[in-house]
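Trainee: I should like to learn how to read the packing of helices and the lining of a pocket. Could we work through an example together?

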Amino acid sequence: MTPTHTTTAPKGAAPTAPRTGRTSPLRRLLRAVTIAACLPYLGIRTAWLSGVHIGIPEGSELRAPENAASLTLANSLTVAMDAAVVALALALTLPWGRRLPAWLTALPLWTATGLLAPIAVAVPVLSLLGAATGDGTVTQETEASLDGWVFTVVYTGFGIQALTLGALAALYVRDRWGHLLRGRLAALDTAAPTAPARRTIAVTAAATALLPLATQLLWSAGPGPGSPPTRPSRPTAPSG
């Protein structure tokens, strides 16, 4: 009987990263839904860039000639941002995405979280409140500039993007860095030349985040020091 030999990592060493295989059906589904959720917004903005006023009623300030230059710039920027979501969905699900530098995926994910997470939380809550109270003010404020369906289509897409992109990000982190999350801190390479800089940046970022967190908690209890006189109570549909 031939003996079998198993190799184990040295005691105290960090586990090695798992081998990655083909894209799973779940990831393919999440990727497809993410990209599909981007298409309506990309289509609307591209139409506006082409001079087609879909969703913009007659008399809207968005049709004013004096706003043309600024709106073109805003539309170009937002088209690029939503196209970046498509690229990010591909990077999170295809093998080449796991070879990218960490910051090249972390930075757009951080940006997307800040933009999409508030929408994913606030819009459903405000919509339910509007339906329960019969208020309907979630979209009334934008009807003079945009048709009501634009709000529904755009923010539904944003909410779906937030959920599916978040799921893809969690799977990506588990695949690429899960072995670190399951390991011991003592096993990490603390002798690396960049280790002190990384620790300093991490501590600084955490300390900096405490100020806006404390401010938001204070304002959530009522107007406090530094709070604006009138704070928006609901998101508005994108202009431009």
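Mentor: Let us begin with orientation. Angles over 145 degrees between N-to-C directions count as roughly antiparallel, and those under 35 degrees as roughly parallel. Please bear in mind that this is a predicted model.

Trainee: At what angle do α1 and α5 pack?

Mentor: Helix α1, residues 25-49, packs against α5 at about 150°, and their axes are 8 Å apart. The two helices are therefore roughly antiparallel to each other. The crossing of α1 and α5 is left-handed. In their contact, 17 residues are nonpolar, four are polar and four are charged.

Trainee: How, then, should the pair α3 and α5 be described: oblique or roughly antiparallel?

Mentor: An angle that falls in none of the parallel, antiparallel or perpendicular ranges is called oblique. The axes of α3 and α5 cross at roughly 140° and come within 8 Å. That angle makes α3 oblique to α5. Their crossing is left-handed.

Trainee: Which residues of α3 and α5 meet?

Mentor: On the α3 side, the residues include Ala 102, Leu 109, Leu 116 and Val 123. Among their partners in α5 are Tyr 155, Phe 158, Leu 165 and Trp 177. This contact of α3 with α5 comprises 14 nonpolar residues, three polar and one charged.

Trainee: What is the angle between α2 and α5?

Mentor: The axes of α2 and α5 cross at roughly 30° and come within 10 Å. Because the limit for this class is 35 degrees, α2 and α5 are roughly parallel to each other. Again, α2 passes α5 in a left-handed crossing. Asp 82, Val 85, Leu 88, Ala 89 and Ala 91 of α2 make the contact with Phe 158, Gln 161, Leu 165, Leu 168 and Tyr 172 of α5. By class, the residues of this contact are eight nonpolar, one polar and one charged.

Trainee: Let us turn to the pocket. What is the volume of the largest pocket, and which residues are closest to its centre?

Mentor: A pocket may be read from its volume, its lining and the elements that supply that lining. Here the largest pocket has a volume of about 420 Å³. It is lined by 19 residues, of which Met 81, Asp 82, Leu 115, Leu 116 and Phe 158 are the closest to the centre. Two or more lining residues come from each of α2 (68-91), α3 (102-133) and α5 (148-181).

Trainee: Which element gives the largest share of the lining, and how do the lining residues divide by class?

Mentor: Helix α3 gives the largest share, with eight residues. The lining as a whole has 14 nonpolar residues, four polar and one charged.

How values were computed: Residues are numbered from 1 along each chain as its sequence is written. This is a predicted model: local features need pLDDT of at least 70, side-chain atom pairs count only at pLDDT 80 or more; totals for chains, interfaces and linings use all residues. Side-chain values use heavy atoms; hydrogens and water are left out. On a 1 Å grid over the protein atoms alone, a cavity is a set of points where a 1.4 Å probe fits but cannot get out, and a pocket is an open set with protein on both sides within 12 Å along at least five of seven lines; lining residues have an atom within 4 Å of a point. Grid points are joined across faces, edges and corners, and a volume is the space filled by probe spheres set on the points. Helices (H or I, at least four residues) and strands (E, at least two) are DSSP runs, numbered from the N terminus. Ala, Val, Leu, Ile, Met, Phe, Trp, Tyr, Cys and Pro count as nonpolar, Asp, Glu, Lys and Arg as charged, and the others, Gly among them, as polar. Axes are lines fitted to C-alpha atoms, for helices over the stretch in contact, and angles run from 0 to 180 degrees between N-to-C directions. Angles under 35 degrees count as roughly parallel, over 145 as roughly antiparallel, 65 to 115 as roughly perpendicular and the rest as oblique. A crossing is left-handed if the near helix is turned anticlockwise from the far one by less than a right angle, and right-handed if clockwise. Contact means heavy atoms within 4.5 Å.
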